[in-house]
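Student: I have a model open and want to learn to read it. Where do we begin?

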Amino acid sequence: MKPTITAFECSPDGGKGLARDTRVRWALEEVGQPYDVRLVSFAAMKEDPHLALHPFGQIPTYEEDGIAIFETGAIVLHIAETRAGLLPGDAGARARAITWIFAALNTIEPPILDLTVARIVEGNRPWATARLPLVLDRIRTRLAQLSVRLGGAEWLDGAFSAGDLLMVSVLLRLRMSGLLDEYPNLAAYVAHGEARPAYRRAFEAQLAINAPAP
Ligand SMILES: N[C@@H](CCC(=O)N[C@@H](CS)C(=O)NCC(=O)O)C(=O)O
């Protein structure tokens, strides 16, 4: 049975690939696993049938052979653990790749998400202008540390892994801010991830649904 994932019926990003179904699509493409997509509207995401799958009323979800899970990190880890291609066989290297999954989602992504909150959600609050430099500083701190660790390497720890997939996906959120360009090795790392054929297929698949009408 093919897995079924959920995605926005119409993504608010208009097809930039930032909605998290792209991360799951990318993982499935990397391991060569065909999948189905069920599109859900914002209203349907908050109704009981979807809430039974995702208690927070969000996308993506993943269903396959009696398994139903949510949270992008858990989904990507499940895909990586059940198919070859996204986690190394060696126990130490595997543990380190999983560490990078958590680092991407728990350490790098939160300050990046804060930038969206500061600029868009809370951009008209009286304290928004004063807060923005603090948010940018916290992102720069993490990017500088990540940049030092990556150095001139192609990927974070040897071969491309699920850790890189999620780190590149998280960093992609910064493209419009220009912050990534302050760290040329991180910008090159992200471009390298985006150039992977599996990423291109995932991106095109979500774009086919979300591209603005001509
Ligand atoms: N921690 C969750 C976050 C999921 C999430 O924020 N999904 C967004 C789309 S990328 C969503 O469904 N937003 C609509 C909403 O929260 O109502 C994950 O990584 O899967």
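**Rings, then ligand**

Tutor: With the aromatic pairs: the count comes to seven. Keep in mind that this is a predicted model.

Student: How do Phe8 and Phe42 pair?

Tutor: Look at the angle between ring planes; under 30 degrees counts as stacked. Phe8 and Phe42 are stacked, with 25° between the planes and 5.0 Å from centre to centre.

Student: Which parts does that pair tie together?

Tutor: Place each residue in its element. Phe8 belongs to strand β1 (residues 4–8) and Phe42 to helix α2 (residues 42–45), so the pair links parts that are 34 residues apart in sequence.

Student: Now the ligand. Which residues are around the ligand?

Tutor: A residue counts if one of its heavy atoms lies within 4 Å. Here Phe8 and Phe42 are both around the ligand. So are Ala19, Arg20, Met45, Lys46, Gln58, Ile59, Pro60, Glu71 and Thr72. By class, the shell has six nonpolar, three charged and two polar residues.

Student: Which side chains have an N or O atom paired with the ligand?

Tutor: For a polar contact, look for N or O atoms within 3.5 Å. The Glu71 side chain has an N or O atom 2.8 Å from a ligand nitrogen. A polar side-chain atom of Gln58 lies 2.9 Å from a ligand oxygen. For Thr72, a side-chain N or O atom is 2.7 Å from an oxygen of the ligand.

Student: How much of the ligand does the protein bury?

Tutor: Compare with the ligand taken alone. That exposes 510 Å², and the protein buries 77% of it.

Student: And where does the ligand sit?

Tutor: In the largest pocket.

Definitions and conventions: Residues numbered from 1 in each chain as written. Predicted model: local features only at pLDDT ≥ 70, side-chain atom pairs only at ≥ 80, totals over all residues. Heavy atoms only, no water. Polar contact = N/O pair within 3.5 Å; in protein donor to acceptor, adjacent residues only side chain to side chain. Areas by Shrake-Rupley, 256 points an atom, 1.4 Å probe, with all protein chains shown as cover. 1 Å grid on protein atoms, 1.4 Å probe; cavity = no way out; pocket = protein on both sides within 12 Å on 5 of 7 lines; lining within 4 Å. Sits in = over half its atoms within 2 Å of the grid points. Nonpolar A, V, L, I, M, F, W, Y, C, P; charged D, E, K, R; others polar. Phe/Tyr/Trp six-rings, centres within 6.5 Å; stacked < 30°, edge-to-face > 60°. Helix = DSSP H or I, 4+ residues; strand = E, 2+ residues; numbered from the N terminus.
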